[in-house]
Amino acid sequence: MSRKDRYAVFGNPIQHSKSPRIHALFARQTGQAIDYQAQQVSAECFTAAVGQFFAEGGLGLNCTVPLKELAWQYATHKSQRAEQAKAVNTLALQADGTVLGDNTDGCGLVSDLTGNHGVALAGINILVLGAGGAARGIITPLLEQNPTTIVIANRTTDKAVALAEQFQSGGSSITGCGFGDLHGQQFGLILNATSASLSGQLPPLPLSILTEQGCCYDLAYSNTPTPFVRWGWANGAAKSLDGLGMLVEQAAEAFFIWRGVRPDSRPVIEALTAERCGTYRLTQ
Ligand code: ATR
């Protein structure tokens, strides 16, 4: 009997991760023989756990909260997008025994917005809420889509200003501010990259900052609409989405890095959407 190639997602907490299901669906769809498990790993145990995983024949890892910065440190070499994000969500063992670190979160977000939801990013004003790791990981892929401006707004203003400055060198129009500074501005797309949704909270946003036909997108996902998705509905968003599609798209890119085969993400997004649909509809 041939053994399946081993992959896993490390995180803490990890029990509700949808990644094993997503990769099982990709594997079935593409005929790839892989085994993908979720493993709870604390920050303290991260280096030892990754070393053991690869020593025992594992070929690739996804790393999620709170391990992405540690994965960035662990990787022997990194993709440009991972270097810019200073965070790694995908580790891939190379033929020479080194470990490549990549970050597929930002391209997963852009694929979901543009490919799955038809949201054009060129020539619009984008507001990114939050200035932590999740925000840092999406800025470069967003800038590559040529928006008119990106504004980063954060509870701690200094962090938003500092993050924006990191990306200004290429002549990009990107600025940082506090939530209170958003009065009078309007955006065609508002992305929630704070961790507020995870604790059922909402950043304090002024009303009227969304353009007519504007969209809202929460990088977090949940079986019930997040407070930010609800905020989008209440403020007339043409679309108010959560990060389920981004989750599947970042996984598809990781699968491609590991296997060299690009899965079709749409039927997987449809399957996961159908699985949560009853709960989602009930609470709208
Ligand atoms: P992640 O890796 O998920 O981005 P992080 O690096 O800890 O996590 O960043 C969390 C982000 O969510 C920060 O921008 C944080 O704001 P501060 O920098 O002011 O701490 C933001 N955040 C967390 N809870 C929030 C809340 N209740 N309201 C607004 N912003 C919040």
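**Notebook: ligand shell, sheets, helices and unusual backbone**

I began with the ligand and sorted the residues of the shell around it, which divide into three nonpolar, eight polar and two charged. I note at the outset that this is a predicted model, and I read each entry below with that in mind.

**Ligand.** I counted 13 residues surrounding the ligand, and the closest are Ala-134, Asn-154, Arg-155, Thr-156 and Lys-159. I then looked up polar contacts to oxygen atoms of the ligand: in the side chain of Thr-156 an N or O atom is 2.5 Å from one, while in the side chain of Arg-155 an N or O atom is 2.9 Å from one. The backbone also takes part, since a backbone N or O atom of Ala-131 lies 2.9 Å from an oxygen atom of the ligand. On its own the ligand has 640 Å² of accessible area, and the protein covers 74% of that.

**Sheets.** How are the strands of the open sheet ordered? I found six strands in the order β2-β1-β3-β5-β6-β4, with mixed pairing. The edge strands, each of which pairs on one side only, are β2 (34–40) and β4 (77–78). I followed strand β1 (residues 5–11) to its partner β2 and found seven bridges in the parallel sense, with Gly-11 bridged to Gln-40 of β2.

I next turned to strands β10 (residues 187–192) and β11 (residues 210–218), which run parallel and are joined by five bridges; Phe-187 has Leu-210 in β11 as its bridge partner. Strand β11 also pairs with strand β12 (residues 239–241), in the parallel sense and over three bridges, and here Cys-215 stands opposite Lys-239 of β12.

**Helices.** I checked the length of helix α5 (residues 105–116): at 1.5 Å a residue its 12 residues should span 16 Å, and the end C-alpha atoms are 15 Å apart, which agrees. Its buried residues are Asp-105, Gly-106, Cys-107, Gly-108, Leu-109, Val-110, Asp-112 and Leu-113. Just after α5, I noted that Gly-118 takes a positive phi of about 65°.

Helix α6 (residues 133–143) is mostly covered, with nine of its 11 residues buried. I listed these as Ala-135, Arg-136, Gly-137, Ile-138, Ile-139, Thr-140, Pro-141, Leu-142 and Leu-143.

**Cis peptide bonds.** Where do the cis bonds fall? One joins Asn-12 and Pro-13, with omega about 5°, and I placed Pro-13 in the loop between β1 and α1 (19–30). Another runs from Val-65 to Pro-66, with omega near 0°, and Pro-66 is found in the loop between β3 (60–63) and α3 (68–74).

**Positive phi outside glycine.** I looked up two such residues and asked of each whether the residue is buried or exposed. Asn-146 has phi near 60° and lies in the loop between α6 and β8 (149–153); with a relative accessible area of 56%, Asn-146 counts as exposed, because the cut-off for that is over 50%. Ser-208 has phi near 65° and sits in the loop between β10 and β11, and its relative accessible area of 54% makes Ser-208 exposed by that cut-off.

Notes: Residues numbered from 1 in each chain as written. Predicted model: local features only at pLDDT ≥ 70, side-chain atom pairs only at ≥ 80, totals over all residues. Heavy atoms only, no water. Helix = DSSP H or I, 4+ residues; strand = E, 2+ residues; numbered from the N terminus. Expected span 1.5 Å × (residues − 1). Buried < 20%, exposed > 50% of the residue type's maximum accessible area, 1.4 Å probe, protein only. Near = heavy atom within 4 Å. Polar contact = N/O pair within 3.5 Å; in protein donor to acceptor, adjacent residues only side chain to side chain. Areas by Shrake-Rupley, 256 points an atom, 1.4 Å probe, with all protein chains shown as cover. Nonpolar A, V, L, I, M, F, W, Y, C, P; charged D, E, K, R; others polar. Pairing = 2+ DSSP bridges.
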